[in-house]
Structures are given as structure tokens and as C-alpha cells.
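Grab a pencil and work through these exercises with the structure open beside you. Each task comes with a worked solution, one step at a time.

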Amino acid sequence: MARRGAAALALALGLLAVALARVGAQGAALQAPDYYVQETWSREPYYARPEPEPEPFSPPLPAGTGNGEREPRPPESRPPKTATKPKKAPKRERLAPEAPPPGCPPLGLETLKITDFQLHASTSKRYGLGAHRGRLNIQAGINENDFYDGAWCAGRNDLHQWIEVDARRLTKFTGVITQGRNSLWLSDWVTSYKVMVSNDSHTWVTVKNGSGDMIFEGNSEKEIPVLNELPVPMVARYIRINPRSWFDNGSICMRMEILGCPLPDPNNYYHRRNEMTTTDDLDFKHHNYKEMRQLMKVVNEMCPNITRIYNIGKSHQGLKLYAVEISDHPGEHEVGEPEFHYMAGAHGNEVLGRELMLLLLQFLCQEYLAGNPRIVHLVEETRIHILPSLNPDGYEKAYEGGSELGGWSLGRWTHDGIDINNNFPDLNTLLWEAEDRQNLPRKVPNHYIAIPEWFLSENATVAVETRAVIAWMEKIPFVLGGNLQGGELVVAYPYDMVRSLWKTQEHSPTPDDHVFRWLAYSYASTHRLMTDARRRVCHTEDFQKEDGTVNGASWHTVAGSLNDFSYLHTNCFELSIYVGCDKYPHESELPEEWENNRESLIVFMEQVHRGIKGMVRDAHGKGIPNAIISVEGVNHDIRTASDGDYWRLLNPGEYVVTAKAEGFTSSTKNCMVGYDMGATRCDFTLSKTNLARIREIMEKFGKQPVSLPARRLKLRGRKRRQRGGRANT
């Protein structure tokens, strides 16, 4: 434990040194209007920090709560500035990176920390538009139905409608963020509203603007979030939004988030269920591009013997796509050691995956230095690659908006408007068309399918980030990979594309469906929430029937996905891991999200050691590259790497495995895969065919093998020339 504490302290000191250097280097940048100021190192609870003037206002508490004598502060006791000059309603804010976010974090409507039982409304049009659907960024999807729609919508359009939140403890409310209804067909949003607070849900106090009720400006369209800060923080248990006007051609509908700081509760009177803390000493904050690079450098300096920083290319805007390798021999492929990768940020606004990758880097370094046997074994037996930000251009856009004001899609695409996640070549169609032509010679293999020429042309609509990933995956013999995404809580496995024409959803399994199901379940089952049958669905899909996993095509079809491309063009089994309902959670949520995913991230990496592995050599003991490894009953092969080593992911069982290579006779073995972690060794030695031996001998003496049909033609030609010569004489 002493070694672990020393390692954590050393890493913290290194991070602090980088932060201090950054503060000095960015002194001039503070004058720039678009500089985004954030507190970096303060770890004290938010309610322990000194509060600015004016003092928070609190309505009377109900009898029996311990503070029933507390009364609202009389107007004359307020600071003269606010007493003599009433505060006007703040202007609507859209995306203002120059303004720091309010001091209090979101209560958790979007992250589901606020349960459905804490949301109430005056009326609702129907169940699918009830108060429980009034969460910021909630999605209705294509099927806007009685159960899952895209907002809270009042049953009547009048001034008596409201939606309220029960914080279940005294809270200092500081702001409200609103959106309109998420709908493909309808346009509904609230254009102005009042805010009221209460301690017993019966007696309500309206937020004032001087002597009158304050009217807050709402939305002007349905998707861009709008933040309104309260002129004075309000301390209460309940907060209510009362719409005062709405879009002329629409209805009273809204999604929202509440900003507030829970007050200290020394008696644990308002105990919060499932509250999670972490003991890991990591840098829990959002990192922009420069900060991400600096953090990588700190980790590399702390663990120089097991880490290496490199880049796989550049983004459209010229930002390098940095990756970190973690291995006991960084910079080289060790024969017999499998290669694993995590990547995140293909959608720039899905920020949680990016931060989880940066936390994982710190954690692996710390635990390795502390001598954690599990992590030491993983690092020494696996070559791990972590690419935190595949779309840094998109992330910078989302970062400017912040965790609550970016909406659902700001920063999702690359700078040139491409969705990286489905920007890969469609190899599924090539494979399936070849399989359907049963009577014709098969020209498409069941693996390593070549990329079409049109995709490689400069005029193809392919992002530079996509080309960089393809080159990376072709260069390194990855065995297993996970790409982290956001907005849901599920693990999706291929195929992601439906096989039947004109269908948008259809279960489309790969030949390795049982392996993919296990890989997906290994992550989902060790996540704190994915397989919890009691948890609420994020938006519209309930994935509990498959224990937090889903076949991609049965969810929604995607042509040219990373998962399908990886499976059909390389040896790598790739899965999409959706790590949270909130794509861009507030910084205060990162410790809990890390605890939710930490064990899953490690367990999934360990699965790279499941199945069989080995070498394919010739009679002289030299590795044979590009040899084909086939498993009887599984219509998908893999190939050996440049040194002749291979890894084949399989579930426990007995398999008939064949190794074959051009110019060699094939070899077949029975290989047993056990339940214990660790791949079964299954080596092959191939002998050259007779023709290959003849060619080798002839080439050794500078001659080419003789083709008998060609030799006969040559002799006939010589005889004709001889006869022609005699006739002329």
C-alpha cells in the first residue's frame, strides 16, 4: 500500500506541476474574449466554497424539519445595490464560451440521478409525454409513442401548467436550462416561464425581479439549450417551472435541467441513494486538446518504461490524433503477445469516453508502479493502445459549448461534416453478394476483404480521420478493440448492417456471434448499471432483455460501420461500448462515471487472452506470415502476423483448427479452450509442397521452374523454324 500511495502522490505532484506551468504560460490568454476559465485542482465540496453576494433566499421551511424558524430575508437586509436597482431578467444564453458555467452542477435530470418519482407536473397529454420525459436532451426517436416521447407536454395550454422537481434535500438552486420537444414532426417549445420554490410543495415563493415576478426568456427553437441563472440563489427542496408563453403553432412542451448545490447534511437526514465516491487519486476534469496532450506527457514521464506517445495522423484542422501505447516493451510488437486497443471520441460531443480513456491511462500507470499484480500481468502480457480523441475538431466545438449547453449534436461530426462511425467501406454487401452467388466461382473471401478502389480515390467522401484509423488498423495486428461512445448504456456487437434489403432493424449475426455475445457481456455484466434491471432506460430502448447488450443491426442499421469493417478487413473483433446516457456529463459526475466503468474497462481488455494462440512455422522454424487459420464450423478465418504468430478469439470448447499458406501443405489439429483465463497454445509446422520445393531449388541456381505445356509449345516452334529453313535451302 505504501508503494501505491507513493505512486499516486508522485503522479499528483506531476499533474500539479503541469497545471502550474499551464497557468503561467496562459497568462496572456486570459485577456482573449474566448478564453474558457475553469477551476482545475480544487477538490473541496462545492458547498464548502465561499458564496458570492447576494445571499441566497430561502422560503419558509415546513414544521418538523429542524429549521422551521427560518424566514425569507426582508428586502431591507439585502445589499443596497440589489435593493435600489432591481435585477433584470438575464438575456437568453446559447453558446457562450467566454462565460464560465454557474458554480453549482446539474441536479441530474439528464444523467438520471433524478428519478422519475422526483418529477411531477400539473397535467400531461399522455404517459409518453409525462413529467418523467422532461429531461434535458432526452430523445424520442422515430417512434413517438405512448411510452417514449421527446418531452413533458402539458395536457392543456394555459397559464396554470407546471413541472416540478423534488430534490429530496435542501438545495441551493442557481439556474434552469430548457429545451423544446424532441420531435421529427412537431414544433413545440416554451418561450417564457416563471420559477417558484418551496419546502413543502404547498407554499410556493416565486422568483422576483424587484417587486414583481420575474419572467425568464425561454427557447426560440426546440433543440438548442437555453440557460437562465436565478438573480439570487434560492434555498429550498422543490423547484417548479411555470410556462407563461409558448410557440404560437405549438403546445406547452419542455425538457429541462436544474442547476443546484445540495446543502450540507450532517445528520444524513436527506440520504441520497446510490451515491458513489472514488478512492482513486486521478485528474477528474474535462481536458481540452492541449490539456489532454499535457496529461499524456505527465503519464509518460511517470511511467517511461511502459508508455509511448505517438500519433496515427492528423484531423481535418491539423490536430494530431494522439495515442498512448502501454506495454513492457513499448514501441515493438512482441511475438506471441496480443495487441488491444481502445478508441474514443469518433463523435466529438461524446466526451465521457474520452475522459474515461485519460483516467484509464493514469490508473494503469499508478497501479503498475504500485505493483498491483493484476495490472502488472496485463501490461506485461498485452500491448495496449489507447486513442482518446479520434475527432478532436468536433470535441473542441463541444468543449466551447460546455457540458450542458451543447445540445445533442454540437461537435458530433468532423470539421467537414462527416460521421466517422459509419464512414468506413461497406464490405458487408460484397461478402453477402458473393455468398448469394452459390453457383459462381467465389471471388470474395470470408475475411480480409479488400477495400474497393473507389473508396481509396481522393474524390471519395472519406474523412482524413477515417483514413488514419484504417492505416493504423492495417499496420498493427489488433486482436480485440472497443470504441467508446455515449448517449446510451449498452454494448453493441456486429453486424451493424442488416442483411435484408429495405429493413431498418434485423438481427444480423456474424459467424462468431457467440464470441461477440460473450465479449459484450463481459463488459456489461461488470458495469455498475448496464445489467441493473431496476434502472430507467436512457431514451427509448430497453436493453435488459439481452443483459445490456445488443446486436447492432437489430438496434438500427448502419452501413460502413467501424465494427463491421474491422471484422471483415482485419483480424480485430471490434465492439461499440456506450458508456452513459449523458454524452457530456458535468465534471462533478466524472468520479462516479469512472467507478461505473473502471472494472469493465479492465475486464474487457483481459478478454484478449481468451481462445487460442500460437505460431505457424516452416520446417526450418521460421514464422510464416499471412497464413490462414480456419476453425471448423465457423465461416470466418483470421491470418498470422508478419512474424507468423496468431490469436484466435474463441469461447471454451474443443475446436478443429487448420493452418494453411500458399506453397505449403495444410495442417489440422484439435485445440481445446478452457474456462480459465489465458489462451490455449496451438502451434503449427507446415511443410512446403513439391512444386514449392522445385521452385526454391531452381531459383537457388538462377533458373526458373519449367512449365511442361510451355516447353512443348517452344519445341514445336523450333521444329517449324527448322523445317522452314530447309525448304528455303
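**Exercise 1. Find the residue that stands opposite V656, then place its strand in a sheet.**

Step 1. Look across from V656 and you land on N670 in β24. Strands here are DSSP runs of E with at least two residues, helices are runs of H or I with at least four, and both are numbered from the N terminus.

Step 2. That pair belongs to the match between β24 and strand β23 (residues 653-660), which run antiparallel and are joined by 7 bridges. Two strands count as paired if DSSP finds at least two bridges between them.

Step 3. Now zoom out: the 4 strands of this open sheet follow the order β21-β20-β23-β24, with antiparallel pairing. At the edges sit β21 (634-639) and β24 (667-673), each pairing on one side only. On average, neighbouring strands are turned by 30 degrees against each other, direction ignored. Axes are lines fitted to C-alpha atoms (for helices, over the stretch in contact), and angles between N-to-C directions run from 0 to 180 degrees.

A word on ground rules: this is a predicted model, where local features need pLDDT of at least 70 and side-chain atom pairs count only at pLDDT 80 or more, while totals for chains, interfaces and linings use all residues. Residues are numbered from 1 along each chain as its sequence is written, and side-chain values use heavy atoms, with hydrogens and water left out.

**Exercise 2. Work out which strands pair with β19, and in which sense.**

Step 1. Strand β19 (residues 612-617) pairs with strand β22 (residues 645-648) in the antiparallel sense, over 4 bridges. Here I612 has R648 as its bridge partner.

Step 2. β19 also runs parallel to strand β25 (residues 680-681), with 2 bridges; K613 stands opposite R681 there.

Step 3. Strand β26 (residues 684-685) pairs with β19 in the parallel sense, again over 2 bridges, and R617 stands opposite T685.

**Exercise 3. Walk across the sheet of 8 strands and explain why its edges are open.**

Step 1. The order is β11-β12-β14-β13-β15-β18-β16-β17, and the pairing is mixed.

Step 2. β11 (307-314) and β17 (549-551) each have a single partner strand, so one side of each lacks a neighbour in the sheet.

Step 3. Inside, β13 (residues 339-344) and β15 (residues 478-485) run parallel, joined by 6 bridges. Y342 has G482 as its bridge partner in β15.

Step 4. Add a helix: α10 (residues 513-524) packs on the sheet, touching β13, β15, β16 (488-493), β17 and β18 (573-580). Contact means heavy atoms within 4.5 Å.

**Exercise 4. Describe how α4 and α13 cross.**

Step 1. The axes of α4 (residues 351-369) and α13 (residues 590-606) come within 10 Å and cross at roughly 70 degrees.

Step 2. The two helices are therefore roughly perpendicular to each other (65 to 115 degrees; under 35 is roughly parallel, over 145 roughly antiparallel, and the rest oblique).

Step 3. Who touches whom? Residues of α4 including L352, F363 and L364 meet α13 residues, among them L590, W594 and M605. By class, the contact has 12 nonpolar, 1 polar and 3 charged residues. Nonpolar covers Ala, Val, Leu, Ile, Met, Phe, Trp, Tyr, Cys and Pro; charged covers Asp, Glu, Lys and Arg; the others, Gly among them, are polar.
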